[in-house]
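Colleague: Could you take me through this model before I set anything up with it?

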Amino acid sequence: MALLSAKVRYVQDGLTVPFITAWEPERISVPQLIVRRNGHGPYLAYADEGPLDRDGNGVLWVRQGLARGRGKALFPQVHAFRQRRAMFDLWCQVCGGLTLEESDERQLYVLNSAKGVPIREGECTTAPPVCFSCAPEAAMSCPKLRDDYVAAYATWNHPWGIAGILYDPRTLRVVGRGLTEIPFGDPRMRYLVAHRSVSVLSGITAVDLAGFTTAV
């Protein structure tokens with residue numbers, strides 16, 4: 001995994017392409033969905049499911065190609081696997097570096113906030129942390145952050161659940177629109193195809209990015 005998290009930077013249209021951004025060739029495939037059963041009851045599965053389709057918690061994940069740096073960067077889109085690894089290992093969402101190398105006591109988060117509401121204690125997020133030097137780039141390069149963002153240090157990051165496409169257990173039709181966030185332990189997780197990891201933040205200290213230096 002060392003190569004995956006290497007600090008290789010790509011620039012498009014004058015903007016740094018964040019590590020978690022998807023690229024044109026990294027297409028999402030939609031395998032045939034079926035219902036299987038185990039000792040805990042029915043659950044959603046791929047008809048041709050392999051050992052890499054589920055994580056260590058048994059959650060079924062979307063299939064997406066790996067081709068970072070090839071073709072055109074799709075700034076609004078997040079790559080499922082890189083987001084998942086960045087959340088789990090606390091990699092910077094901009095450069096892919098290990099934020100623990102800067103501080104093993106707290107991580108910096110830059111989140112969207114349309115009304116400037118500060119990051120709250122116990123807030124859930126799908127955004128990985130950022131390096132101190134990458135924080136200004138996160139605010140500038142991410143379309144969701146460019147106009148309205150807030151930043152804070154968090155001393156604790158704990159896996160909360162999964163955001164993904166939820167399916168009806170009887171019809172296998174999509175339930176709702178967009179991604180549904182479901183906490184671990186919720187039985188609906190058995191009928192979810194995961195697209196993002198969700199973590200809960202605590203030990204919050206608000207931060208003003210004005211004093212941070214942009215990475216080069």
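Modeller: We can go through confidence, cysteines, salt bridges, a pocket and some backbone angles.

Colleague: Fine, what kind of model is it, and what counts in it?

Modeller: This is a predicted model, in which local features need pLDDT of at least 70 and side-chain atom pairs count only at pLDDT 80 or more, while totals for chains, interfaces and linings use all residues. Residues are numbered from 1 along each chain as its sequence is written, and side-chain values use heavy atoms, with hydrogens and water left out.

Colleague: What is the mean pLDDT of the chain?

Modeller: The mean is 89, and 90% of the residues reach 70 or more, where pLDDT is the predictor's confidence in each residue, from 0 to 100.

Colleague: Which element has the lowest mean pLDDT, and which the highest?

Modeller: Helix α2 (residues 135-141) has the lowest at 74, and strand β7 (residues 63-64) has the highest at 97; helices (H or I, at least four residues) and strands (E, at least two) are DSSP runs, numbered from the N terminus. As a general caution, where pLDDT is low, the predicted coordinates should not be read in detail.

Colleague: Switching topic, how many disulfides does the structure hold?

Modeller: It holds zero disulfides, a disulfide being a pair of cysteine sulfur atoms within 2.5 Å.

Colleague: Why is there no bond at cysteine 95?

Modeller: The closest cysteine sulfur to that of cysteine 95 belongs to cysteine 131 and is 3.7 Å away, which is too far for a bond. Cysteine 95 is buried, at a relative accessible area of 1%, and cysteine 131 is buried at 1% relative accessibility; buried means under 20% relative accessible area, exposed over 50%, and partly exposed in between (1.4 Å probe, protein chains only).

Colleague: And how many salt bridges are there?

Modeller: The search of the whole structure finds eight, counting a side-chain nitrogen of Lys or Arg within 4 Å of a carboxyl oxygen of Asp or Glu. One of them pairs aspartate 48 with arginine 63, with the closest N and O atoms 3.2 Å apart. Aspartate 48 lies in the loop between β6 (41-46) and β7, and arginine 63 lies in strand β7, so this pair ties together parts that are 15 residues apart in sequence. Arginine 63 is partly exposed, at 21% relative accessible area.

Colleague: Where do arginine 85 and aspartate 89 lie?

Modeller: Both are in helix α1 (residues 80-89), four residues apart, about one turn of the helix, and they form a salt bridge whose closest N and O atoms are 2.4 Å apart. Arginine 85 counts as buried, at 16% relative accessibility.

Colleague: What about aspartate 168 and arginine 170, buried or exposed?

Modeller: Aspartate 168 counts as buried at 18% relative accessibility, whereas arginine 170 counts as exposed at 75%; their side chains meet in a salt bridge at 3.7 Å, N to O.

Colleague: Last topic, which residues have a positive phi?

Modeller: Among them are aspartate 13, with phi near 55 degrees, and leucine 90, with phi near 60 degrees, and each is a residue other than glycine. Aspartate 13 is found in the loop between β1 (11-12) and β2 (15-16) and counts as exposed at 72% relative accessibility. Leucine 90 is found in the loop between α1 and β9 (107-112) and is buried, with a relative accessible area of 13%.

Colleague: And the second largest pocket, which element gives the most to its lining?

Modeller: That is α1, with five residues.
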